[in-house]
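Open the structure in your viewer and keep the sequence beside it. The stops below say what to select and what is found there.

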Amino acid sequence: MGFAIGGNYYLRLHEKLVISTGTAIIMNITEWGDIEMTRYDILTNVSALYPLLPSLALEADLNVSYTMGTSEMGGMEEDLSSLGFQVGYFGIRAFF
């Protein structure tokens with residue numbers, strides 16, 4: 001069982017430059033046999049968008065993720081906490 005909630009904010013700085021920032025919070029609880037996992041994620045990103053069309057843009061992105069959680073299997077518990085950075089994602093974003 002899990003859920004996620006998040007949002008994005010777009011700021012047009014110039015006709016051909018849009019800055020986007022967003023945050024998402026994710027919770028996931030898994031129980032299967034003797035395996036139990038609880039995980040919480042906080043994801044945030046900042047993007048620079050170069051519009052090609054009104055609903056299509058090139059994107060350069062910086063992502064930061066923080067994970068908290070535990071996993072238990074057969075009485076042994078493992079910490080799932082981590083902090084991650086992703087720099088230099090390039091792609092295409094479509095708007096509908």
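Select Val 18, which has its place in strand β2. The model is a predicted one. Is Val 18 buried or exposed? Val 18 counts as buried because its relative accessible area is 8%, and the cut-off for buried is under 20%.

Now show what surrounds this residue. With neighbours within four places in sequence left aside, Val 18 is in contact with Tyr 10, Leu 11 and Arg 12, and also with Ser 47, Ala 48, Leu 49 and Pro 51. Draw a distance from the C-alpha atom of Val 18 to that of Ser 47: the value is 8.2 Å, for two residues 29 apart along the chain.

Stay in strand β2, residues 17–32, and move along to Ile 25, which is also found there. Ile 25 has 44% relative accessibility, so it counts as partly exposed. Which residues does Ile 25 contact, leaving aside neighbours within four places in sequence? They are Phe 3, Ala 4, Ile 5 and Asp 41. Between the C-alpha atoms of Ile 25 and Phe 3 there are 8.4 Å, while 22 residues separate the two along the chain.

Next, select a group: Phe 3, Ile 5, Ile 25, Tyr 40, Ile 42, Val 46, Leu 62, Tyr 66, Met 68, Leu 83, Phe 85 and Val 87. Together these residues make a nonpolar surface patch of about 1,200 Å². Colour by element and four strands stand out as giving two or more residues each to this patch: β1 (2–14), β3 (35–53), β4 (56–73) and β6.

Pick one member of the patch, Leu 83. Leu 83 lies in strand β6. Why does Leu 83 count as exposed? Its relative accessibility is 56%, and exposed means over 50%.

For a contrast, go to Ser 71 in strand β4. Ser 71 counts as buried, because its relative accessibility is 15%. Not counting residues up to four places away in sequence, Ser 71 touches Glu 36 and Met 37, as well as Met 76, Glu 77, Glu 78 and Leu 80.

Now zoom out to the whole chain and switch to a cartoon view. How many helices and strands does the chain have? There are zero helices and six strands, and from the N terminus on the elements run β-β-β-β-β-β.

Turn the C-alpha trace to see its extent: along the principal axes the trace spans about 60 × 25 × 20 Å. The radius of gyration is 18 Å, whereas a compact globule of 96 residues would have one near 12 Å.

Switch on the surface. The accessible surface of the chain comes to about 6,900 Å², and 64% of that belongs to carbon and sulfur atoms. Of the 96 residues, 19% count as buried. Contacts can be viewed across the chain as well: among those between residues at least 6 apart in sequence, 46% join residues at least 24 apart.

Last, colour by pLDDT. The chain averages 90, and 99% of the residues score at least 70. Where among the elements is the mean pLDDT lowest, and where is it highest? Strand β6, residues 82–94, has the lowest mean at 86, and β2 has the highest at 94. The tour thus ends on the strand that holds Val 18.

Definitions and conventions. Residues are numbered from 1 along each chain as its sequence is written. This is a predicted model: local features need pLDDT of at least 70, side-chain atom pairs count only at pLDDT 80 or more; totals for chains, interfaces and linings use all residues. Side-chain values use heavy atoms; hydrogens and water are left out. Buried means under 20% relative accessible area, exposed over 50%, partly exposed in between (1.4 Å probe, protein chains only). Contact means heavy atoms within 4.5 Å. pLDDT is the predictor's confidence in each residue, from 0 to 100. Patches are made of residues with over 30% relative accessible area and no salt bridge: like charges are joined within 9 Å, nonpolar side chains (Val, Leu, Ile, Met, Phe, Trp, Tyr) within 5 Å. Accessible areas come from the Shrake-Rupley method with a 1.4 Å probe; for residues, only the protein chains shown count as cover. A salt bridge is a side-chain nitrogen of Lys or Arg within 4 Å of a carboxyl oxygen of Asp or Glu. The radius of gyration is taken over C-alpha atoms; the globule rule is 2.2 Å times the number of residues to the power 0.38.
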